Amino acid sequence: MLFKILVTLVVLTACFAARIKRQEDGEFWWLKAAESDAVVEPVAEVKINSHDEGKSANIKQESAIDSSVVAQILSSGPETAGKFSPHPGVCVCVPYYLCNEGQIITDGAGIIDIRKKPPTKNVTTEAKAITKRDVLPAQNDLVGGNCLGSIEVCCKMPTPERIPEIVPTVPLGPKYISTCGMRNGDGLNVRITNFKDNESQYGEFPWMVAVLRPTVSATTGKPNDVYQCGGSIIHPSVVLTAAHCVVGKDPKSLKIRVGEWDTQSAYEFFPHQDRLVVDAIIHEQYFPAALFNDVALLFLAEPVDLGPEADVVCLPRPDQVFDGSRCFATGWGKDQFGQAGKYQHVLKKIELPLVPHATCQNSLRKTRLGQAFRLHESFVCAGGEPGRDTCKGDGGSPLVCPIPGGPKPSRYMQVGIVAWGIGCGENGVPGVYASIPHASSWIEDKIAKRFSLAPDYFLKQLTPSV
């Protein structure tokens, strides 16, 4: 019995001594032993002192490593195995089966256990697939050496995935739905009550357009926009104006401004929009001496962004009659002819009665035009009330009337374009406008061909609310 105890003590002492010897030789007991088929290359010996134990250990390495790293491994245990990098920022030590051609495997290829039906017993050994973990990686300048574990290699880190920047979205209101002829009678977001000279409310007539000609000031050298005439939006990319405003001008020298109200300030709630003109079409039967068929279309380089402050006006049908309607003419023109007249800062509106064609002709025959005067069919008349008329500078601006039999509040159709008159605001003398019912077929045909629109495009604009 005593003999058996002595033999046991001798064996335990020998094992402990061997374990200490293996640790001193660098064969750390917490590291996984190399697999039987792993190739272990010859190594050099480097003597390092542990700051905790004061012991010397010959660590198997291809090159020297920082003693503090080894001290950390000696004191920390297996958690640090595989985290050391002999090439910081370039590669990291990982088990060889996690490295494929110098790159760390990130998709699990060759490592995952695929849930599939086992092969039949007749499958030959040659047909057996060889996974990446069965084959040691090819050697390169980063793979194979300088790692602490005997089955570890230094493998390039994968390219970090780009984390998309998440931009918080601002909740938007309901999308604006364009509706032709919607007049904002109380203005947009504010109603001004102290007007005295027929000023319009801000955004009251969203189809109103200013046709401008960009120039450079001869005195200051600064860019300047010269007002040419008025106009109206009838399509996101088309402005309707008077032919006498643009005839003889290069269309590309013009631009239009929509959403304007006060020309001397920029404090409107919505910013105005400028668009360059790329082409213009003048009515083929335009007669400049008497302004017959005084109609022109301006085509824009890009469409206007429609909104409550910038929207289209409705177009009438050729057979529609508006006699007796109370209509509105708008513009920034002069308040009277002559030196005393001044262009307006704020968009003006004038309410006028539409005058029947025969009545208007008789009224005009009482002026210097004489009894032989004939009012051409391409005109309509409005006004005749003292002090209420469109004057110089209002040319091209729209005359709009409520849609007959339409809903309340009224939507508006453009019935005329400011053309000419005898004097300005004289009692019993109406102003003369290019007739849009007379020209509507021509207008719709030109636009439909330009943009390949359906023949009933403009008629459908009236359907939802009429």
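How much area does the protein expose, and what share of it do carbon and sulfur atoms supply? In this predicted model, the exposed area is about 27000 Å², and carbon and sulfur atoms supply 55% of it. The protein has 466 residues, of which 41% count as buried. Its secondary structure consists of six helices and 18 strands. Of the contacts between residues at least 6 apart in sequence, 67% join residues at least 24 apart.

Two closed barrels are described here, beginning with the one that contains β7. Six strands form this barrel in the order β7-β8-β9-β12-β11-β10, and their pairing is antiparallel. On average, neighbouring strands of this sheet are turned by 45° against each other, direction ignored. Strand β8, comprising residues 223-235, is joined to strand β9, residues 238-241, by three bridges, and the two strands run antiparallel. Within this pair, His235 of β8 stands opposite Val238 in β9.

Strand β10 of this barrel spans residues 255-258, and both of its faces are covered. Lys255 and Arg257 lie on one side and Ile256 and Val258 on the other, and all of these residues are buried. On the β7 side, strand β7 (residues 208-216) pairs with β10 in the antiparallel sense over four bridges, and Ala210 has Arg257 as its bridge partner in β10. Strand β11 (residues 273-282) is likewise joined to β10 by four bridges, again with the strands running antiparallel. Here Arg257 stands opposite Asp274 in β11. Arg257 is thus matched with Ala210 as well as with Asp274.

The other barrel is closed by six strands in the order β13-β14-β15-β18-β17-β16, also with antiparallel pairing. From one strand to the next, the twist averages 45°. Helix α4, formed by residues 357-365, packs on this sheet and touches β14, β15, β17 (412-420) and β18 (430-435). The direction of α4 makes about 130° with that of β18. Strands β14 (residues 348-355) and β15 (residues 379-383) pair in the antiparallel sense over two bridges, and Leu354 has Ala382 as its bridge partner in β15.

Helix α5 comprises residues 436-451 and has a kink of about 25° centred on Trp442. At the N-terminal end, α5 is capped by Ser435, a side-chain oxygen of which lies 3.2 Å from the backbone nitrogen of His438. The helix is followed by Ser452, which has a positive phi near 55°. Trp442, at the centre of the kink, is one of the buried residues of α5, together with Ile436, Pro437, Ala439, Ser440, Ile443, Ile447 and Ala448. The helix lies across β8, β9, β11 and β12 and runs at about 30° to β12. These four strands belong to the barrel β7-β8-β9-β12-β11-β10.

The loop between β12 (296-300) and β13 (326-331) contains Pro316. Pro316 counts as buried because its relative accessibility is 1%, under the 20% limit. Beyond its neighbours within four places in sequence, Pro316 is in contact with Phe322, Met413, Gln414, Ile436, Pro437, Ser440 and Glu444. Among these partners, Ile436, Pro437 and Ser440 are buried residues of α5. The C-alpha atoms of Pro316 and Leu462 are separated by 9.4 Å, although these residues are 146 residues apart along the chain.

Ser325 is found in the same loop, between β12 and β13. With a relative accessible area of 19%, Ser325 is buried, since the limit is under 20%. The side chain of Ser325 reaches the backbone oxygen of Phe322 at 2.9 Å, and Phe322 is also among the contacts of Pro316. Apart from neighbours within four places in sequence, Ser325 is in contact with Leu352, Pro353, Leu354 and Cys401. One of these, Leu354, is the residue that has Ala382 as its bridge partner in β15.

A further strand pair involves β3, which spans residues 91-95 and is mostly covered, with four of its five residues buried. Strand β3 pairs with strand β6 (residues 152-156) in the antiparallel sense over five bridges. In this pair, Cys91 stands opposite Lys156 in β6.

Note on methods
Residues are numbered from 1 along each chain as its sequence is written. This is a predicted model: local features need pLDDT of at least 70, side-chain atom pairs count only at pLDDT 80 or more; totals for chains, interfaces and linings use all residues. Side-chain values use heavy atoms; hydrogens and water are left out. Two strands pair if DSSP finds at least two bridges between them. Axes are lines fitted to C-alpha atoms, for helices over the stretch in contact, and angles run from 0 to 180 degrees between N-to-C directions. Contact means heavy atoms within 4.5 Å. The bend at a residue is the angle between axes fitted to the seven residues ending there and the seven starting there. Buried means under 20% relative accessible area, exposed over 50%, partly exposed in between (1.4 Å probe, protein chains only). A polar contact is a pair of N or O atoms within 3.5 Å; within protein, one must be able to donate a hydrogen and the other to accept it, and residues adjacent in sequence count only if both atoms are side-chain atoms. Accessible areas come from the Shrake-Rupley method with a 1.4 Å probe; for residues, only the protein chains shown count as cover.
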